[in-house]
Amino acid sequence: MKKLFSSVKTPLLLLLIMSFYNAMGQKKGDDPKMNAFVSSLMSRMTLDEKIGQLNLVTGGRPTTGSVVNKGIEESIKKGDIGGMFGIWGADKVKEVQDIAVKSSRLHIPMIFGLDVIHGHETVFPIPLGVSATWDMGLIEQSARIAAKEATAEGLNWVFSPMVDIARDPRWGRISEGAGEDPWLGSQIAKAMVKGYQGSNMMNPDAVMACVKHFALYGGAEAGREYNTVDMSLIKMYQDYLPPYKAAVDAGAGSFMSSFNTINGIPATGNRWLLTKLLRDQWGFKGFVVSDYTAVNELTNHGLGDLQTVSALALKAGLDMDMVGEGFLTTLKKSLKEGKVTQQEIDQACRRVLEAKYKLGLFNNPYKSIDPSREDKDVLTPENRAFSRKIAEHSFVLLKNNNQVLPLKKSGTIALVGPLADNHSEMLGTWVVAGDPKKSVSVREGIKNVAGNDVNVLYAKGSNITDDSLLNARSYFFGMKQDKDSRTPQQMIDEAVETAKKADVVVAVVGESANMSGESSSRSDINIPESQRDLLKALVLTGKPLVIVLFNGRPLTLVWENKHADAILDAWAPGTEAGNAIADVLFGNYNPAGKITATFPQSVGQIPIYYNHKNTGRPFDPAGPAKFKSDYIDISNDPLFPFGYGLSYTTFNYGEVKLSKTRLKGNETLKATVKVTNTGKYAGEEVVQLYISDPVASISRSVKELKGYQKISLQPGESRLVTFDITTGALKFYNDQLVYDWEPGQFIIQVGTNSSDIHSASVQWLK
């Protein structure tokens, strides 16, 4: 490869080339060697080749759209393609890379991406489940393992992490993010970027992260996929933008534009968003790729034909066009007509080439293509063991009456439900490379963990759904539900008879993998009716009922919470699903997960989130019944609040003690609380810190998460947990979008979740 880029042989010529590009007004990275190399390469590129670098195609199945690119081999030879996604495997990727580096004029290597969302071949819990661990070490390690597996199969770019804040569980893609809180979401964004990119993106086991979806995608109206987003700038800056900014600060190499509008302009053509905010304000140095055919879809937004919107997107700051080929087919014409400039095309090309440089692809286009690594780095016993561990840590115990859990490793268990003996639904949504056949079912996991003294009786009990519309829209691309040919009543009757023979019933129910994720919004977020009918019949047996819940979103579980004895939220646990669930059911691991998205009682409460603002007439249960901000048919309270999660043991919190009650300037406040394990089991607890600012220049949230500590306590053990609080935790965006803090009173709150807290007050002056 050294011979391929050897045209610049003298320092004088190199300086002239660099001066030329500086004169063109192009922004360069901070690496002089990279700047010189890219400038040299671009000086020999034709206009067509530069535009070709802005073209991202798919050679695989249409995972998120209806378009698959054609004529890829010839296009690569012509220099018309900068990257590809949808293929993986060392041999397959090498075959395509060979075409680029051996058969194209300038031998420019391609970048290869894939939706590596929660693991590659070893699949971890869905991101909403992973966020429930509140463990940044585990979260970073999950991304690190995914990067090692992805690079072992030739990839160097992943479309992850998704850092969109989501407060509407009807939105299917809430499953792919970290929930509703901007502070926690920011910590997770940083951990994921660090895990993917490692210490140096040139390393053969590092991938470039692609942060998505920029921006505000999780704020879609009515929770409907691809829908309009409209919000105030304060809400945007305070509640939705922080995780994206955290990813920039962590060094993320690329961003993906979102489908939605922002201030009336779709993100993919929004110059304020892609240039003024992302680059000028935040200092982002990487490149921006569109989402799948998002450039073309600007036409549906009413912004013009393909040539018009392609020019608009380029001028806005978009660098790479995914699948739609609007850049490829129109930018040359637009340049001739003066609708775009050479500088704008060159700038986008430079950013894509810089990404390839940062990945080390010019030094070695095959750096991650090593067939021997596929055998030693992919789906290894060690990776599977980690999948089991992080799954256990992600589970949230929502209810546990009369200590029905953990189960005894003796007696008879009735295992029922359409997800109990099911491999295809264990991995969850957004799994591209994972093989469901290699997953562990719940039935298998219980057999592996329970031992010979447990008699397990199995009955399917119901289909996942008998609703033909829900079934048709949940399964696509040839996928299908494992549907039983018996009538619903026949299946229920079998399950009831099985339950009567058992000491306890474990019902594994909930959503299928494809009931959440992209294009899987739901207006009714109950458990499907076929499964609810099964649960009702099981309750009538009088046997203790344990629900193991599979779900990609918060569900409305009022009936289940009232009638079940225990509910363990397992999300979609991944490759080691069954083993991890069995470990928790039988007490090999004491669950410690805490939900990161509020569970509503009813869809009528949505959007519902803990850090809401007060109203002028806040509801007071002790006050008058009318003329307050409430519902007349339901309480304002969620079913389960943000940060909620039980344990097999119990924890007692003492009062919050402050090191001072009056501070000034940049002093540090210490807030301490004593936490005691008052139960019979060793357990972990996530001690959460919230701060309220009751008097400010704008209306503030009732409380905001500002920290946490995850501790482990033996039975009877106590620990003093101390938070060091600085003025950084008091800052917010005011009506001028200035990020600062204001002097006055602050309420320091520490507790086990956002509702169950102890408080103390402090005066903090400037």
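**Exercise 1. State where Gln-403 is found and describe its phi and its accessibility.**

Solution. Gln-403 is found in the loop between strand S11 (396–400) and strand S12 (411–416). Helices (H or I, at least four residues) and strands (E, at least two) are DSSP runs, numbered from the N terminus. This is a predicted model, in which local features need pLDDT of at least 70 and side-chain atom pairs count only at pLDDT 80 or more, while totals for chains, interfaces and linings use all residues. Residues are numbered from 1 along each chain as its sequence is written, and side-chain values use heavy atoms, with hydrogens and water left out.

Next, the backbone: Gln-403 is not a glycine, yet its phi is positive, about 50°. Most residues other than glycine have a negative phi. Last, accessibility: Gln-403 is partly exposed, with a relative accessible area of 38%. Buried means under 20% relative accessible area, exposed over 50%, and partly exposed in between (1.4 Å probe, protein chains only).

**Exercise 2. Is Leu-216 buried or exposed, and in which loop is its place?**

Solution. The place of Leu-216 is in the loop between strand S5 (208–214) and helix H9 (233–240). Its phi is near 70°, a positive value in a residue other than glycine. Leu-216 is buried, with a relative accessible area of 2%.

**Exercise 3. Find which peptide bonds to Pro-161 and Pro-607 are present, and place both prolines.**

Solution. Start with Pro-161, which is joined to Ser-160 by a cis peptide bond with omega about 5°. Pro-161 lies in the loop between strand S4 (157–158) and helix H8 (182–197). For Pro-607, the bond from Ile-606 is cis, with omega near 0°. Pro-607 is found in the loop between helix H23 (577–585) and strand S17 (651–653). As background, most peptide bonds are trans.

**Exercise 4. Describe the packing of helix H7 against helix H17.**

Solution. Two packed helices are described by the angle between their axes and the distance between the axes. Helix H7 (residues 136–152) and helix H17 (residues 381–394) pack at about 150°, and their axes are 11 Å apart. H7 is therefore roughly antiparallel to H17. Axes are lines fitted to C-alpha atoms, for helices over the stretch in contact, and angles run from 0 to 180 degrees between N-to-C directions. Angles under 35 degrees count as roughly parallel, over 145 as roughly antiparallel, 65 to 115 as roughly perpendicular and the rest as oblique.

The crossing of H7 past H17 is left-handed (the near helix is turned anticlockwise from the far one by less than a right angle; clockwise is right-handed). H7 contributes Leu-138, Gln-141, Ser-142, Ile-145 and Glu-149 to the contact, and H17 contributes Asn-383, Phe-386, Lys-389, Ile-390 and His-393. Contact means heavy atoms within 4.5 Å. By class, the contact of H7 with H17 has four nonpolar, four polar and two charged residues. Ala, Val, Leu, Ile, Met, Phe, Trp, Tyr, Cys and Pro count as nonpolar, Asp, Glu, Lys and Arg as charged, and the others, Gly among them, as polar.

**Exercise 5. Repeat the description for H7 with H8.**

Solution. H7 and H8 pack at about 35°, with axes 7 Å apart. Their crossing is right-handed. Residues of H7 in the contact include Met-136, Ile-139 and Ser-142, and those of H8 include Leu-184, Ile-188 and Tyr-196. The contact of H7 with H8 divides into ten nonpolar, three polar and three charged residues.

**Exercise 6. What do the buried residues of H10 pack against, and how does H9 pack with H10?**

Solution. In helix H10 (residues 242–249), Pro-243, Tyr-244, Ala-246, Ala-247 and Val-248 are buried. The buried residues of H10 pack against H8, S5, H9, strand S6 (254–257) and helix H11 (271–281). For the helix pair, H9 and H10 pack at about 55°, with their axes 6 Å apart. This angle makes H9 oblique to H10. The contact is made by Met-236, Tyr-237, Gln-238, Asp-239 and Tyr-240 of H9 and Pro-242, Pro-243 and Tyr-244 of H10. After the helix, Gly-251 follows H10 with a positive phi near 90°.

**Exercise 7. Which residues does Val-750 touch, not counting residues up to four places away in sequence?**

Solution. Val-750 is found in strand S26 (residues 744–751) and is buried, with a relative accessible area of 1%. With that exclusion, Val-750 touches Tyr-653, Val-656, Val-673, Val-687, Gln-688, Leu-689, Phe-723, Ile-757 and His-758. Val-656 is 94 residues from Val-750 along the chain, and their C-alpha atoms are separated by 6.9 Å.
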